[in-house]
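Grab a viewer and work through these exercises at your own pace. Each one gives a task and then a worked solution.

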Amino acid sequence: MSAVTVYDRSTNLRRVSFATLNRESEPATQLKTRLQGTVMARGRWCGFLLAAAAAFPGQARAQISPVDIFGTLIGAAQAQAAREAWARLPSADRSCLDRALARQNTDIAGLAQRGIGPDDGQLSGVFAQCRRFTEPNLRRGYSCTVPDDSGWSITTTCNQTFAYRNGDGRVQSVEPREAIDLHFSGTRIIVAYVETGEAREMRRARAEAQGRAEQLQVLKGSLTAYQRDPSPIVRSEIARIQSRIDQQLGARTGPSAPDTESLNREIGGLSALSQAEALRMAALDRMSGLRAQAEARTKADVPDGLRKRLADLRKDAVSVSEPPRAASPTKTAGPARDLGPSFDCERANTPLPTLICEDTGLRRVDLDMARAFYALRQIHPDAAAELKEASNDLVKRTLASCRIPETSKTTAATRKAIPCIAATYQRQRDAWSARVGREGPVSARQEIARSLEDHVRLQEALRSAGYLPADATADGVYGGVTRKALVAFAEAESVDADGFLGDGLAAKLGRGSTPAPNLSLITDPSLPARIDAVARRYDSYLTDLAVEERDRSTRLQAQRQIDEQRKRVEALLAGPVPEDLRPDLAVLVQQFDGAAPKDLPKAAEALQQRLSQIEPRMREAEAIQRAVTDKNRFLAEGDPGDLLLLYNSSPRAAAVVRGLDGNLVFDPERTVACAVPEAPSDRIALEQLIAKARSLGAPVKETLPPCSGAQQQSADLVAFERGALRAQVGVFQTIASAVDTGVFTLGGTVPKSDIEAARQAEGIRAAEAESEVARGTSDGLAVLAFGPGSRTICRIATGDKVLHDQLLQPYEALLRAELHGVTTTVTANADGAFLSIKRGQCGAVYGTAPDLAALVKGLTRDGITFRYLPIWISPETVGKAQAALTEQQATKQRDREQDARRRERDAAERSRTALVDRLKRDQAEAELTLKGGIPQDLQTFLSGFVAEVASIAPETSDARLGGVG
């Protein structure tokens, strides 16, 4: 026989129990009717049971009855209802019940699974055991008699608490949850009474107030020594302190600790204040005498500088004559009624924190509870999560027990929960404080026993000592920042550092704090010295006033000198000036304008030194400006980098004349061309100059020699750079005079812009060559140059030497200038050229882009410096040169063949002539022989020979001549 129970939540029925009937003793139809009469009358299970019964097939109906189905479903519902009922119990009650049920080898989960809820009568005994541990059973705030710290019995206010006796027989208070654990662990729990923290604090506060009152009486008597102090500031301060002491002694609650400590510090600072005032007044007397002299001696016509100094002195004298000012009150957490809570009230947006912020008592209780919380966290740093959970559980218990909604606005109804909140928080504070006393070190117990005001005061002392930041708020709660500061202070004092502020460390902190000697007045120890400094400035002012007239005379003299030099410099800048001199003159003008009146003597001296450094150059510039006329102005005005060509236009010039067409005609044999002072060293500038000279028709070579002294007035062609000519004063005057007298006339100008354009064009060609070599695909030719040394050009380009010589011929001057002399070209392969470069045997390498690309990689790899010359011979140029060379060679071949044929004809003609001459001689000999007696046959032969020779004519063939010969 088993029991099937269900808890009907919709009808609040206690329980409905059914006996499981034996299917053999009661028919299924009767059971079904009985169940329907009991449950289906409620109208909730009917449809579901019928549907479940219909879901079984025929054979299953013979084995499982509707009662079985009903019992299973009802059991599940009952278990769910039981679990929900258990969940509504407070967590502390569930914990206690679990410990009690554990003795019966069960727990709440097992009971809920069987459908047994907390209202089951069988659990009354278990509930009775746990109900005795609920906090409402404990008395709060009743009168009791306890021993004080000295062992005397006193009447005070107590609270009941759970406790047990330890091994020494002493009663130890515990929290309800810990009491439950100890009870079920076999420890006998008793109810003890302990003095409340508020009562203890009030008792201690009364004793401390009495001690402070006695201390103030002693301090009041010590003020007599300062009653006749000569300083009115000191006497006024004494009156103020006495008034404050009387107020504190007449207070209903007695003197407060902060005010007593403040008064003690102020009285302790009176001696320093008196001494400081004596020094201040003596210094003021000295300064006042000097001040009166300065005011009397200063007249209306003193310079503005002195007038301003006196005005400044007046201001400074007034500032140092002011008595000590009242100090601003130090920002603290305020009196005790303003302490708390432990959170930011500006963020409170739910009823519970809002109620705490609105009530002064709750704010203090919350802050006091936070003290114990942070002390526990310091004792058990690894239990932060557990403490956080306990804090959250406190909030839930408070909301539940005090019936406070989680979200809504505070109303008069919710404010009625304030006493309940205070009681709940005080119990939690007492529980946590008890744990601190049991589990923490002695220093923790000493710290937790202090009042909030003491905590605030000690925090302020910690801040004053520099261990807390200056902007840290002293609120009485020792969080992580304060704990670290306490550790640092303890280590500095060579005390064991556990993060707690025990009595010994608190005493050291109180002694170690060094507040200002006087809190109501701010005294400046450096004030007498500052007054003396102002007095010394008055003395210095009087001395400066005596020498002002002498200084004024010196300044006027310096001003005249500066004006004269300014006129000279401005005159120079108005005319042609060498470019290197113009910036120096411009700086001088700025210095002329920037000199302050009081600095004129020094400025004049500095300017004179600067002028003496550039005086020779200024004289040269002045000499050049004197030599400049309208006719020769072009010599001085213009870009210093321009190149000028002058030709001899005098009637005595025989080597250069102007032709019929107006162009200049130079005698190649007699023309004298030279440069002043010498030809440009820059290759591009020199090339541009030579090209310009040749465009005028001058027969000049690759460079121009320097002009001699006589040639500067008689040469046929003179070239110079404008800036270089202006730098040679004597030469400039000579050339300028020659231009004025008509000896020289401007023949042409090479602007500096053209030179720069040519230089830029070469840079473009060099960049093009570098780009093509880097690409390495073109058959064009380029030249790499290396450091100075060898003048050998290593040619790694394959092909006809004549072709490459012809391609390089336009760049002969460039190569000669780059390699500093006449060049020699040798043929080499890339490897050989690379080694020759390393040995310094190749000054340049000439080759195709692919060949040079491979060479560049090796040079770059080995860190060999090279540069691209502005030479890029494109494949089209190479092709045209090759075609021209081929045509030239073909022409030469044809000429050679014609010469060979001509030589053959000449040789044949010479041979024919020699044969004819020989035949003629033979003819003459034959004729002589015929005149003598000879045989007939010989006569006949000779006569025929003579006749054939006589018949030879120019058109006679060579074959016939050969036959005759």
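**Exercise 1: A tyrosine and its core**

Once neighbours within four places in sequence are set aside, Y425 is in contact with L352, I356, V365, D366, M369, L394 and T398. Keep in mind that this is a predicted model.

Task: work out which helices supply the largest nonpolar core, and which one gives the most.

Solution.
- Step 1. Start with the core itself: the largest nonpolar core has 26 residues. Those with the most contacts inside this core are L352, L362, I404, I421, Y425, W432 and V436, so our tyrosine is on the list, as the general tendency might lead you to look for: in soluble globular proteins, nonpolar side chains tend to be buried together.
- Step 2. Now the suppliers. At least two residues each come from helix 14 (351-358), helix 15 (360-379), helix 16 (384-401), helix 18 (418-439) and helix 19 (442-448).
- Step 3. Pick the top contributor: helix 15 gives the most to this core, with eight residues.

**Exercise 2: Ring pairs**

Task: find how many aromatic pairs there are, and classify the pair of W86 and F127 from its ring geometry.

Solution.
- Step 1. The count comes to five aromatic pairs.
- Step 2. For W86 and F127, the ring centres are 6.3 Å apart and the planes sit at 10°. Planes under 30 degrees apart count as stacked, so this pair is stacked.
- Step 3. Place the two rings. W86 belongs to helix 4 (residues 66-87) and F127 to helix 7 (residues 124-131), so the pair ties together parts 41 residues apart in sequence.
- Step 4. Check burial, where the cut-off is under 20% relative accessible area. W86 comes out at 2%, so W86 is buried. F127 has 16% relative accessibility, so F127 counts as buried too.

Task: do the same for F373 and W432. What class is this aromatic pair?

Solution.
- Step 1. The distance is 5.5 Å centre to centre, with 55° between the planes, and the pair is tilted.
- Step 2. F373 lies in helix 15 and W432 in helix 18, so here the pair ties together parts 59 residues apart in sequence.
- Step 3. F373 has a relative accessible area of 15%, so F373 is buried. For W432 the value is 3%, so W432 is buried.
- Step 4. Look for a further ring: ring pairs link F373, Y374 and W432 into a cluster.

**Exercise 3: Helix 36 and what it meets**

Task: describe how helix 36 and helix 37 cross, then say what R912 in helix 36 touches.

Solution.
- Step 1. Helix 36 covers residues 875-931 and helix 37 covers residues 936-950. Their axes come within 9 Å and cross at roughly 140°.
- Step 2. The handedness of this crossing is left-handed.
- Step 3. On the helix 36 side, the contact uses L919, K920, D922, Q923, A926, E927, T929 and L930. Facing them in helix 37 are Q939, L942, S943, F945, V946, V949 and A950.
- Step 4. Sort that contact by class: eight nonpolar, four polar and three charged residues.
- Step 5. Turn to R912, also in helix 36. R912 has 16% relative accessible area, so R912 is buried. Leaving aside neighbours within four places in sequence, R912 is in contact with A953, P954, E955, T956, S957, D958 and L961.

Definitions and conventions
Residues numbered from 1 in each chain as written. Predicted model: local features only at pLDDT ≥ 70, side-chain atom pairs only at ≥ 80, totals over all residues. Heavy atoms only, no water. Axes fitted to C-alpha atoms, helices over the stretch in contact; angles between N-to-C directions. Helix = DSSP H or I, 4+ residues; strand = E, 2+ residues; numbered from the N terminus. Left-handed = near helix turned anticlockwise from the far one by under 90°. Contact = heavy atoms within 4.5 Å. Nonpolar A, V, L, I, M, F, W, Y, C, P; charged D, E, K, R; others polar. Core = buried A, V, L, I, M, F, W, Y, C linked by side-chain atoms within 4.5 Å. Buried < 20%, exposed > 50% of the residue type's maximum accessible area, 1.4 Å probe, protein only. Phe/Tyr/Trp six-rings, centres within 6.5 Å; stacked < 30°, edge-to-face > 60°.
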